[in-house]
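Visitor: Could you take me through this model by question and answer, giving the cut-offs as they come up?

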Protein chains: 2
Amino acid sequence: MPEATIRDVARRAKLSVATVSRALNGFDNVSEQARERVTQAVRELGYVPHAGARSLSLARTNAIGVVLPDLHGEFFSEIVRGMDREASRRGYLLLLSNLHARAEQAQLALRAMHGRVDGLIVMAPHLKSEELAAALPPGVPSVLINTRDKPGAHAAIHLDNVAGVRAVIEHLSNLGRKRLVHIAGPAGNVDADERAAAVREACATAGIACEILHGNFEEQSGERATAALLERGHEFDALFAGNDNMAIGALQALRARGVSVPEQVAVAGFDDIPLAQHLGLTTVRVRIAELGERALARLLDSFGRGQDRGDELHAPELVVRATTGKVKR
Amino acid sequence: MPEATIRDVARRAKLSVATVSRALNGFDNVSEQARERVTQAVRELGYVPHAGARSLSLARTNAIGVVLPDLHGEFFSEIVRGMDREASRRGYLLLLSNLHARAEQAQLALRAMHGRVDGLIVMAPHLKSEELAAALPPGVPSVLINTRDKPGAHAAIHLDNVAGVRAVIEHLSNLGRKRLVHIAGPAGNVDADERAAAVREACATAGIACEILHGNFEEQSGERATAALLERGHEFDALFAGNDNMAIGALQALRARGVSVPEQVAVAGFDDIPLAQHLGLTTVRVRIAELGERALARLLDSFGRGQDRGDELHAPELVVRATTGKVKR
DNA sequence: ACGCTCCGTGTAACCGGTTACATGACGCAG
DNA sequence: CTGCGTCATGTAACCGGTTACACGGAGCGT
């Protein structure tokens with residue numbers, strides 16, 4: 001059975017392809033009789049329309065391309081879940097591709113999407129502005145998340161890293177902490193860089209001493225950095241990691257050496273992944289799924305109107321738990 | 001700029017579309033001169049090939065459709081990550097759609113993939129065998145994961161629920177536990193049903209009393225079920241949840257009522273999500289990412305050869321942690 | 001009877017690529 | 001000089017849908 005096409009259906013129903021197409025798409029200028037013959041033939045042949053061909057002639061695919069960096073688990077699933085929720089609500093599919101580290105691979109991945117999707121959502125915190133511009137296929141509506149793009153060049157959603165960091169530092173300052181360590185994400189990553197810069201500034205404002213070192217957003221790197229810190233006898237009473245993963249690694253290192261949290265060192269992270277709640281980690285809640293949902297909604301909404309190039313700030317929120325503040329019970 | 005096509009490139013390079021196509025695809029029967037004129041024209045026009053059109057004429061899309069049920073976070077991200085890893089390694093994209101609970105929606109989702117993908121990976125633990133058969137588009141190679149399909153009807157990968165459950169029950173039995181409670185997943189879900197049946201059987205073999213109640217694989221349901229159990233004064237010294245989420249909920253309920261784990265009640269889960277490790281939960285490690293990777297690999301491998309209808313068993317492995325066995329330290 | 005509109009249907013072009021086959025230029029052996 | 005093979009290139013059909021436009025018959029008014 002070599003895959004029935006609409007022409008096979010037409011032949012079998014003794015009608016033209018035009019009528020079959022109209023019947024299948026629910027046009028009203030089709031006689032009852034023809035409609036029945038079509039559904040009959042479809043059933044007999046097990047015909048399923050070829051979505052690819054349909055997209056080609058309609059110039060509309062009902063799919064959205066999603067290009068993400070190689071994300072740590074929780075963040076990835078949350079953002080995809082948000083997009084998927086909104087997409088399936090509005091009848092779209094998601095075409096997924098991960099963006100490899102190198103810029104040329106990014107270009108390849110993005111171009112492979114041309115003609116398969118109606119729009120793109122791109123998250124590329126590690127690309128330079130011009131690399132990104134070169135890689136984006138022209139003429140495909142896009143929404144950028146946390147990229148280093150010039151404001152106003154594309155529709156974009158940014159996380160308000162500065163507000164999140166300020167809330168944490170103020171909180172730590174209110175607790176009377178004076179010597180902070182910040183484990184930043186990898187240099188070159190927008191979020192890592194923005195957060196680190198904000199930490200430096202907020203600490204200066206609050207009159208807190210601040211030491212910054214680098215991890216790579218993975219749990220292990222947080223653990224290693226913290227271990228090294230303790231090894232060389234650095235004194236600090238607060239540790240703020242660039243994301244929750246690293247904060248969790250730090251917690252392990254601290255506990256392994258018998259440093260009490262939060263008495264000796266208060267610990268905070270960023271993202272509020274589900275794990276954070278279970279471990280009682282103070283953090284900045286990002287509502288990742290909402291971020292994805294919003295990006296998709298914005299992209300789809302832009303289809304009707306002209307292009308959208310607004311910058312939107314996604315506001316995070318401080319969540320205080322046991323690793324700072326008083327220990328309950 | 002209304003989207004350059006290959007014909008525009010041909011016109012600009014003063015060549016035919018055939019030559020342009022050949023040049024772009026790296027055929028060797030193209031003169032050096034022509035090749036240069038093509039790359040020149042491509043650059044000037046900002047031409048990007050239309051992947052949809054290409055797929056149509058090649059009858060090959062380089063994309064794999066992935067249809068998953070509405071999964072809880074960790075499991076979802078792990079399995080997609082595994083697939084994505086293998087897919088990008090082999091030059092494929094992933095077209096994602098979540099399978100809604102109702103069978104007709106499943107059918108719609110699967111059909112929407114026809115003509116857009118070269119193959120399908122379907123995970124539908126809640127569909128009946130004939131619903132699934134009806135929904136699968138004929139002629140599209142597919143790999144099924146944890147479905148209620150007849151053996152040998154399609155290529156399938158199953159989790160060895162029985163082996164996993166047996167390992168847990170034996171472990172609990174070796175610890176001297178005599179009265180077990182199993183919080184199963186939702187009735188109708190293959191994995192939930194298989195695990196519950198295996199629990200019943202293994203307990204009988206081991207001479208353990210066993211009570212089974214139902215949750216829905218969400219953390220809260222595990223918490224509620226456990227709370228209700230304690231409320232009505234049921235006596236038990238072991239609790240085995242159908243997945244880690246519910247086990248974690250159960251842990252909270254137990255701790256909230258001052259029941260000590262593992263002294264009074266030993267607790268185990270299933271899946272080994274990252275959270276399990278952090279909470280010291282004894283569980284059955286599934287290596288979810290590997291499962292996804294394997295499904296994709298198997299699908300792609302089947303393209304060369306004829307169709308594949310083998311059943312494959314993915315073996316899980318017991319991981320003993322603090323919530324059973326002796327408490328270390 | 002004629003001409004009008006209305007409506008269901010069919011023909012064929014089109015979406016943007018690929019590729020079988022045709023063509024014409026060139027080189028070389030007989 | 002002819003005949004043949006080689007090779008780069010071009011023409012047009014094709015993938016499987018959609019749809020502008022043409023068409024023919026029915027129903028209606030005059």
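## Helix span, burial, contacts

Guide: Helix α11 (residues 244-256) of chain B has 13 residues, which at 1.5 Å a residue should span 18 Å, and its end C-alpha atoms are 18 Å apart, which agrees. The expected span is 1.5 Å times one less than the number of residues. Helices (H or I, at least four residues) and strands (E, at least two) are DSSP runs, numbered from the N terminus. This is a predicted model, in which local features need pLDDT of at least 70 and side-chain atom pairs count only at pLDDT 80 or more, while totals for chains, interfaces and linings use all residues. Residues are numbered from 1 along each chain as its sequence is written, and chains are lettered from A and ligands numbered from 1 in the order in which they are written.

Visitor: How many of the 13 residues of α11(B) are buried?
Guide: A residue is buried if 20 or more other C-beta atoms lie within 10 Å of its own, exposed if 12 or fewer, and partly exposed in between, with C-beta atoms placed from the backbone. The cover of the buried residues includes β6 (179-184), α10 (219-231) and β8 (238-241) of chain B. Among the buried residues are Met246(B), Ile248(B) and Leu251(B). The helix is mostly covered, and its buried count is ten.

Visitor: Which residue just after α11(B) takes a positive phi?
Guide: Most residues other than glycine have a negative phi. Here the value is about 75°, and the residue is Gly258(B).

Visitor: Which residue in the loop between β7 (209-214) and α10 (219-231) of chain A has a positive phi although it is not a glycine?
Guide: Its phi is about 75°. The residue is buried, with 25 other C-beta atoms within 10 Å. It lies in the loop between β7 and α10 of chain A and is Phe217(A).

Visitor: What is omega for the peptide bond from Val261(A) to Pro262(A)?
Guide: Pro262(A) is in the loop between α11 (244-256) and β9 (266-268) of chain A. In chain B, a cis bond joins Val261(B) and Pro262(B), with omega about 5°. The bond from Val261(A) to Pro262(A) is cis, with omega near 5°.

Visitor: Which element gives the most to the side of chain A that touches chain B?
Guide: Two residues are in contact if their C-beta atoms, placed from the backbone, lie within 7 Å. By that rule 39 residues of chain A are in contact with 38 residues of chain B. Elements that each supply at least two residues to this side of chain A include α4, α5 (73-89) and β2 (93-98). With nine residues, the one that gives the most is α5(A).

Visitor: Which residue of β2(B) stands opposite Leu96(A)?
Guide: Two strands pair if DSSP finds at least two bridges between them. Three bridges join β2(A) to β2(B), residues 93-98 of chain B, and the strands run antiparallel. Opposite Leu96(A) stands Leu94(B).

Visitor: How many residues surround DNA strand D?
Guide: A residue is near a strand if its C-beta atom, placed from the backbone, lies within 6 Å of it. Among the closest are Ile6(A), Ser21(A) and Ala18(B). Elements giving two or more residues to this surface include α2 (17-24) of chain A and α3 (32-45) of chain B. The number of surrounding residues is 28.
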